[in-house]
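I wanted a record of what I looked up in this model, in the order I did it. The entries are kept short.

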Amino acid sequence: MAKLKVAGTWSGAIEVELDDWTVPMLRAEVARRSGLSPGSINLICGGKVLKDDAGGGGGAAAAKLSELGVRGNAKILSTRVCADQGKSLQEEAMAEDERSRRLARVKAAATALAKRHADGSLPLEDFNIELEDQSGKKVNMGSETDQRAVMMGLMLHSNAKQLIRRQKYEDALEVLAMGEESFSLCNPQFIEMVDNVPILQIDMVWCYFMLRDISSLSVAGIRLQKAREGIERAHGKDYSRVRLLQGGRYPEIALHLRLELLEGVVAYHSGHLDKSQKALTSAQEKFFKLQVPDESLSLVMSMGFKERDARRAIRMTNQDVGSAVDFLIEEKAKRLQKREEDMKRRQEIEEQKSYGVTPMKKPVDLQRLDELVSIGFEKALAAEALRRNENDTQKALDDLTNPETNAAIQNDIESRKRKRQLKSDEAAIKQLVAMGFERWRVIEAVSGGRTVEQAMQQLLVQPQSLPNQPENANPATSTPATTSASSINNEDSGSTNNIDEVGDTSAHAGMDDRDVEMEEVLADELAQADAFSDYDIEVTKEGEAIEEYLSLLASAGGSSSESRPR
C-alpha cells in the first residue's frame with residue numbers, strides 16, 4: 001500500500017494500491033471524503049490534471065495510477081469543478097503553477113545533492129553518490145566544480161528519462177535543458193570523452209518529435225549534428241572504442257537507430273528527401289537487427305531470467321544466445337558485488353558519523369584512520385586526532401605522541417561519551433514516563449546505562465515504593481532524582497552545544513532546508529540505473545515512425561515521378 005497526500009477539497013492521506021487503483025477510483029474516494037460528487041472535482045498531480053482514461057479517448061481503458069507516474073507519498077491537489085470557463089482556466093493555471101514548483105524542486109534537490117556529494121562532506125544520507133565509468137570503476141575528475149557539474153547533470157538527465165518513459169515530454173524537455181546547462185559548466189576536455197551529453201541531445205530531439213514540434217526543426221538539426229559528433233568521439237568512428245569497452249557487445253545499436261530516425265525526420269521536413277531516405281533505411285536495418293526471435297527469448301527465459309532482461313541481453317549480443325547468457329550471469333554477479341559494496345559503504349558512513357566531522361565539515365578519512373590504528377593507536381583516539389586536524393596524518397600523529405595532547409583528547413572523548421549517554425537517558429526517560437511510569441522510578445531504572453527494554457523489564461518486576469527520603473519529607477514535593485538529573489543536564493548543555501558545532505554530524509549548513517522527498521526520488525532513480533540504461537531503448541515507437549516516414553517518402557517519390565515529363 002502507498003500513501004497519497006491530498007489537499008484542496010479535503011486534506012489528509014489516502015492509502016492506495018498504485019498498480020490497482022485508477023483515477024476514477026481515486027476521484028470517487030476523495031469525493032466521498034469531501035462530501036461531494038465525483039463529477040464535481042478535478043485531481044492534479046505533478047502539474048498535470050489526472051484524466052480518467054489512459055489515452056484521452058472515450059474507448060480507452062482506465063489507466064492505473066502507477067502508469068500515470070503517481071508514486072508513493074505523491075501530493076494530489078483536489079479542486080472543485082465549476083461550470084464557467086474562468087474556473088477551468090484557473091485550474092489550468094494552478095496545474096501549471098504546481099508543475100513549475102515541481103521542476104524547481106527537482107533542480108534545487110539535484111543542486112543540493114551534487115554539492116554535498118562532490119565536496120567530500122559527510123553524507124547526511126546512508127548512501128554516497130560517486131561517478132563511475134561503464135565498468136563500474138570510480139572516476140575522479142579532480143576539480144570539485146567539474147564533479148558537481150557532472151553529478152548534477154547526470155541526476156537531472158536520469159530524472160528526465162523517467163519523465164520520457166511516462167510520456168511527460170514537456171516536463172522532460174525542461175529538465176533536460178537544466179541538465180544541459182549543468183554539463184556546460186564542466187571542463188570540455190572531459191565532456192568530449194563521454195557520451196552523456198550527446199545522448200542528452202538525442203533525448204531532447206526525441207521529445208520534440210513526440211510533441212510533433214515542427215517549429216524546433218532548425219535547433220533539432222543542430223542538436224543532432226552535435227550528438228553525432230559527440231557519439232563518434234566517444235564511441236569511435238567505427239564503434240571500435242565502445243566495442244572494446246563492452247567486450248565485443250553491441251549496446252549502442254538502439255541509440256544509433258533513434259539518432260538516424262531523427263536525422264531522417266529532420267531531413268524530410270527540411271526537403272532533403274535523399275538524405276532522409278538514406279538515414280531512415282539505415283535506421284530500419286538496425287530496427288530489424290533488434291527484433292528478438294521468440295525461440296531465442298524462450299530459451300534464455302527457460303534458464304530462469306526475466307523477459308525484459310533476456311530481451312535486452314539478446315539485443316546487446318547481436319542475437320547470440322550463448323553470449324546473452326554469459327552477459328546476464330556477469331550482470332547478476334556485478335549487481336551482487338555492487339550490493340555488497342553499497343552495504344559496506346553504508347557501514348563506513350555510519351562509522352564516520354559516529355566520529356563527527358572536522359571543523360571544515362569533512363568526515364574522518366577511514367584510510368588514514370586505519371594507518372594510525374595499524375601502528376598501535378586506539379581507534380577512537382586516532383579518529384578524534386584526525387578529526388581535530390582536518391585528516392592531516394602528521395599533525396594527528398604529533399598530537400597522539402604528545403602526552404599532554406593525548407590526555408586532553410582522551411578527556412574530550414570520555415566527556416562526549418557521558419553527554420551522549422545523558423541524551424540517550426533523557427530520551428529513554430521521556431519514552432517510559434509517557435507510558436505511565438512514575439518519573440523517579442524511571443530515572444532509577446534507566447541509571448547505569450540500561451536500554452529502554454531493560455529499564456522497562458525492571459519497572460515491571462519492581463514493586464512500587466516511594467523513593468528513599470527523610471521520614472518527615474513530603475512525598476508529593478520531594479523529587480531529588482529528578483532535580484539531580486535536570487541539574488546535570490543543564491550544567492552540560494553549553495559544552496554539548498560546543499561539541500555539536502565542531503564534531504556533530506548534524507551541524508551541516510542548510511540541513512533544515514533539505515527537500516528530503518525530492519532528493520530521495522532523484523537518488524532512487526540513480527540507483528535503478530546501470531551502465532547500459534542509456535542504451536536500453538524499447539524501439540517500438542521508433543519502428544512505427546520509420547514505417548510512417550518511409551511511406552511518406554514513397555508517396556513523395558511517386559508524386560515526383562508522375563509529374564515528370566515522359
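The entries below go from the whole chain to cavities, cores and single residues.

**Entry 1: the chain**

I noted at the outset that this is a predicted model. I looked up the secondary structure and found 22 helices and five strands in the chain. I then checked burial: of the 566 residues, 42% count as buried. For the surface I wrote down an accessible area of about 30300 Å², with 50% of it belonging to carbon and sulfur atoms. Last, I took the contacts between residues at least 6 apart in sequence, and 65% of these join residues at least 24 apart.

**Entry 2: the largest cavity**

I searched for enclosed space and got three cavities of 30 Å³ or more. The largest cavity has a volume of about 130 Å³. Which residues lie nearest its centre? I listed Tyr208, Phe209, Asp213, Leu217 and Val265, out of 14 lining residues. Helices α6 (196-210), α7 (217-235) and α9 (253-269) are the elements that give two or more residues to this lining. The most comes from α9, with four residues. Sorted by class, the lining of the largest cavity has ten nonpolar, two polar and two charged residues.

**Entry 3: the second largest cavity**

I put the volume of the second largest cavity at about 70 Å³. Its lining includes Tyr250, Pro251, Ile253 and Ala254, along with Arg312, Arg315 and Met316. Tyr535, Asp536 and Ile537 are also among the lining residues. Two elements, α9 and α12 (307-316), give two or more residues to the lining of this second cavity. Here α12 gives the most, with three residues. I counted the classes in this lining as eight nonpolar, no polar and three charged.

**Entry 4: nonpolar cores**

I looked up the largest nonpolar core and found 77 residues in it. Leu261 and Val300 have the most contacts inside this core. Helix α6 gives the most to the core, with ten residues. I followed Leu261 further, leaving out residues up to four places away in sequence: Leu261 touches Trp206, Leu280, Ala283, Glu542, Ala545 and Ile546. Another core, of 20 residues, lies apart from the largest one, and Trp10, Leu18, Cys45 and Leu65 are among its members.

**Entry 5: Leu200**

Is Leu200 buried or exposed? I read a relative accessible area of 0%, so Leu200 is buried. Leu200 lies in helix α6. Beyond four places in sequence, I found Leu200 touching His157, Leu176, Gly179, Glu180 and Phe183. I also took one distance: Leu200 and Gly179 are 21 residues apart in sequence, and their C-alpha atoms are 8.2 Å apart in space.

**Entry 6: positive phi**

I looked for positive phi at residues other than glycine and noted two. Arg212 has a phi of about 55 degrees although it is not a glycine. Its place is in the loop between α6 and α7. Arg212 counts as partly exposed because its relative accessibility is 46%, and partly exposed runs between the 20% and 50% cut-offs.

Lys361, also not a glycine, has a positive phi of about 65 degrees. I placed Lys361 in the loop between α13 (321-355) and α14 (366-374). With a relative accessible area of 25%, Lys361 is partly exposed.

Notes
Residues are numbered from 1 along each chain as its sequence is written. This is a predicted model: local features need pLDDT of at least 70, side-chain atom pairs count only at pLDDT 80 or more; totals for chains, interfaces and linings use all residues. Side-chain values use heavy atoms; hydrogens and water are left out. On a 1 Å grid over the protein atoms alone, a cavity is a set of points where a 1.4 Å probe fits but cannot get out, and a pocket is an open set with protein on both sides within 12 Å along at least five of seven lines; lining residues have an atom within 4 Å of a point. Grid points are joined across faces, edges and corners, and a volume is the space filled by probe spheres set on the points. Ala, Val, Leu, Ile, Met, Phe, Trp, Tyr, Cys and Pro count as nonpolar, Asp, Glu, Lys and Arg as charged, and the others, Gly among them, as polar. A nonpolar core is a set of buried Ala, Val, Leu, Ile, Met, Phe, Trp, Tyr and Cys residues joined through side-chain atoms within 4.5 Å. Buried means under 20% relative accessible area, exposed over 50%, partly exposed in between (1.4 Å probe, protein chains only). Contact means heavy atoms within 4.5 Å. Accessible areas come from the Shrake-Rupley method with a 1.4 Å probe; for residues, only the protein chains shown count as cover.
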